[in-house]
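Hi,

Here is the structure I promised to pass on. Have a look at it first, and my notes on the pockets and the aromatic rings follow below.

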Amino acid sequence: MEALLRQIQKYVSGKTVYIPAREEKQSWGETSGYKRYIYERNCEIKAKFKTGAGIETLAEEYFLSPESIKRIVYAKKEVIMPKYQCSLSSAMDFAKCGKVEEWIHQYLLSDGHNKEFSDGLKLFDRFFIGPIQMPLQLFMRCCGPEDGMKYHIPENWFEKHVAELKDVLTQQKDMPPLIVHYVDGGFELNDGNHRLEAYSRLGIAEYYVIVWITEKEELEDFNEKYSIYLNGVKE
């Protein structure tokens, strides 16, 4: 080490020398994106298995053996959680890994400013579906200045907030999904009331929602009535 220092002093003396770190060798597949592809594929398989897809069905869909599918869905290693962001794309990343519930709670406890809602969801096991694109006319606000609203707020404050959101929505397309409750054969909009009104005034007919359901019978009813949106096919 001393000999090396004397050699350096021949060229630089009394100066600060910057020596960059050695570039770490990347493992095979990192630069090509193959590892990322496998990770996302496996997350997708686990999510579909969790919602009822069979081993044989998944094997045919992904051109893998049933044994390979079993190794993926029964792996005990925890899936790496995507990074949370207040956006639709972030919610979709969580959903691919079967972690949409985790995205909801992170959203409600931060950008959504609704800890009470988050606490309430945790009281029972829930089914979470989405994000899926659905017609906004299916949903009704429960918050606003109109008489009879479940959550009544002053008109001037409501109008100000909706106007601000209209400006945002014309520029920002990656907005978080609405959160709705499917119960008694209908929808209750829990989060996104102001955005729903802003979308309506902008003439936007569809956007992405996350639907949560408590009872298995209501899940079956939802799947029967709205399977067209679950399959990504809209008339």
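The lining of the second largest pocket divides into 12 nonpolar, 9 polar and 5 charged residues. Bear in mind that this is a predicted model. The pocket in question, the second largest, holds about 740 Å³ of space. It is lined by 26 residues, and the closest to its centre are Asn190, Asp191, Gly192, Asn193 and His194. If you want to find the walls by secondary structure, look at helix H8 (155-171), strand S5 (186-191) and helix H9 (193-201): each of them supplies at least two residues of this lining. S5 gives the most to the lining of the second largest pocket, namely 4 residues.

Now for the largest pocket. About 1,300 Å³ of space lies in there. Its lining has 32 residues, and Ala47, Thr51, Phe128, Ile129 and Gly130 are the closest to the centre. Which element gives the most to the lining of the largest pocket? That would be strand S1, with 7 residues. S1 spans 127-135, and the other elements that supply at least two lining residues each are helices H2 (34-50), H5 (88-96), H6 (100-108) and H10 (216-230). By residue class, the lining of the largest pocket comes to 14 nonpolar, 7 polar and 11 charged.

On to the aromatics. The structure holds 14 aromatic pairs. One of them is Tyr84 with Trp103, a tilted pair with 6.1 Å from centre to centre and 45° between the planes. Why tilted? The 45° between the planes falls in the range left over once under 30 degrees is called stacked and over 60 edge-to-face, so the pair counts as tilted.

This pair links distant parts of the chain: Tyr84 sits in the loop between helix H4 (66-73) and H5, Trp103 belongs to helix H6, and the two are 19 residues apart. Are these two rings buried or exposed? Tyr84 has a relative accessible area of 17%, so it counts as buried, with the cut-off for that word at under 20%. Trp103 is buried too, with a relative accessible area of 0%.

One last thing to pick out in your viewer is an aromatic cluster. Phe139, Tyr182, Phe187, Phe222, Tyr226 and Tyr229 form it together. Strand S5 (186-191), already mentioned for the second largest pocket, is a handy place to start looking for Phe187 of that cluster.

Cheers

Terms used. Residues are numbered from 1 along each chain as its sequence is written. This is a predicted model: local features need pLDDT of at least 70, side-chain atom pairs count only at pLDDT 80 or more; totals for chains, interfaces and linings use all residues. Side-chain values use heavy atoms; hydrogens and water are left out. On a 1 Å grid over the protein atoms alone, a cavity is a set of points where a 1.4 Å probe fits but cannot get out, and a pocket is an open set with protein on both sides within 12 Å along at least five of seven lines; lining residues have an atom within 4 Å of a point. Grid points are joined across faces, edges and corners, and a volume is the space filled by probe spheres set on the points. Ala, Val, Leu, Ile, Met, Phe, Trp, Tyr, Cys and Pro count as nonpolar, Asp, Glu, Lys and Arg as charged, and the others, Gly among them, as polar. Rings of Phe, Tyr and Trp (its six-membered ring) pair if their centres lie within 6.5 Å; planes under 30 degrees apart count as stacked, over 60 as edge-to-face and the rest as tilted. Buried means under 20% relative accessible area, exposed over 50%, partly exposed in between (1.4 Å probe, protein chains only).
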